[in-house]
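Reader: Could you walk me through how a few labels on this model were reached?

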Amino acid sequence: MAIDIGGTKIAGALVHPDGTMTATTRRPTPRAVDAEGVMAAVAEVVADLSASPLWSSAVRCGIGSAGPVDTSRGTVSPVNIGAWRDFPVQQRIAAELAARGAELPTVLAGDGVAMTAAEHWLGAARGHANALCMVVSTGVGGGLILNNQLHPGPTGNAGHIGHISVAFDGEPCVCGSRGCVESIASGTAIARWARDQGWTPPAGSGPGGSGSANGADGPGTAGDATAAGVAAAAAQGDPIALAAFDRAGRALAAAIAASATLVETDIAVIGGGVAAAGDTLFGPIRSHLAQYATLSFVQELQVVPATLGTHAGLIGAAAAATMLLPPSASSESASSA
């Protein structure tokens, strides 16, 4: 069983051992409600899942959530869900499951860690024993696979590459540090830097792309002042837009190389809205990587796009549950069926 909680939607699915999903359901994340109002939407998703004839076959539950998370306490404080601060989401979901006859082991994972589990199971990191996976969007998050094991750390935040400092005298980051990757390479940061350098989008009716907060989930259009608009301008050769993505790519390359040098990962998988810019982002990353990944054991480091897209949240929640929860007799039976 997989539940994916984000700022725009709360989704659920029953996930089979081969990664296929059934009984998929979703609700919009409520706005302008209290904590219980948001939890009510989660409960509706659980109720939908419980109506499936496969409900009784579930052996574990993975919960993926926007962060910050504290998996040691089972709590979340998502930046984009203001009503939840230190909300005991793991305990509350376990109670909802039990109330519907499914007393399952549950595990909580941040969305970056869930994406990492998904890409290692079925995506671009499949077959790699040591991998860094990243989400580059409104923020920059990530997770680690080490020796074929998901490595979330004590509170579930290991691999949070967005808050590695790559510019010691850089501008302040929202986390309180300076020069963090997120303050340079997030969709928000790319657009802000381009505008500060004098870039302006072509006149038009309004923002383009898919309308997401990071502004980089689709092609930009006239009047789009988000990262998607900057990416579209870069594709047309605009020098400031190209410089904005080159700067972001350099920051990401430095952080990827540092992480690989520390723990010997051999692949970095990048997803999220900003990655939709394609070679506009990946070109500068790969170009700058040679400057930072210089030791023999990281010179073959690969940087590739994520492949699972919008399915990564639910697949990742299920994968995290499989990787982090001990097997049970019932789960062994289900896996061999």
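Author: Happily; here are some labels and the values behind them. This is a predicted model, where local features need pLDDT of at least 70, side-chain atom pairs count only at pLDDT 80 or more, and totals for chains, interfaces and linings use all residues. Residues are numbered from 1 along each chain as its sequence is written, and side-chain values use heavy atoms, leaving out hydrogens and water.

Reader: Why is A317 called buried?

Author: Buried means under 20% relative accessible area, with exposed over 50% and partly exposed in between (1.4 Å probe, protein chains only). A317 has a relative accessible area of 1%, so A317 is buried.

Reader: What does A317 touch, not counting residues up to four places away in sequence?

Author: Contact means heavy atoms within 4.5 Å. A317 touches A2, I3, G62, I63, G64 and A114.

Reader: How do you know that the span of α9 agrees with the expected one?

Author: A helix is a DSSP run (H or I) of at least four residues, a strand one (E) of at least two, numbered from the N terminus. The expected span is 1.5 Å times one less than the number of residues. For the 13 residues of α9 that gives 18 Å, and the end C-alpha atoms are 17 Å apart, which agrees.

Reader: What makes α9 largely enclosed?

Author: Ten of its 13 residues are buried, so α9 is largely enclosed by the rest of the structure. Among them are L314, I315 and A318.

Reader: And why is D70 called buried?

Author: D70 has a relative accessible area of 16%, which is under 20%, so D70 is buried.
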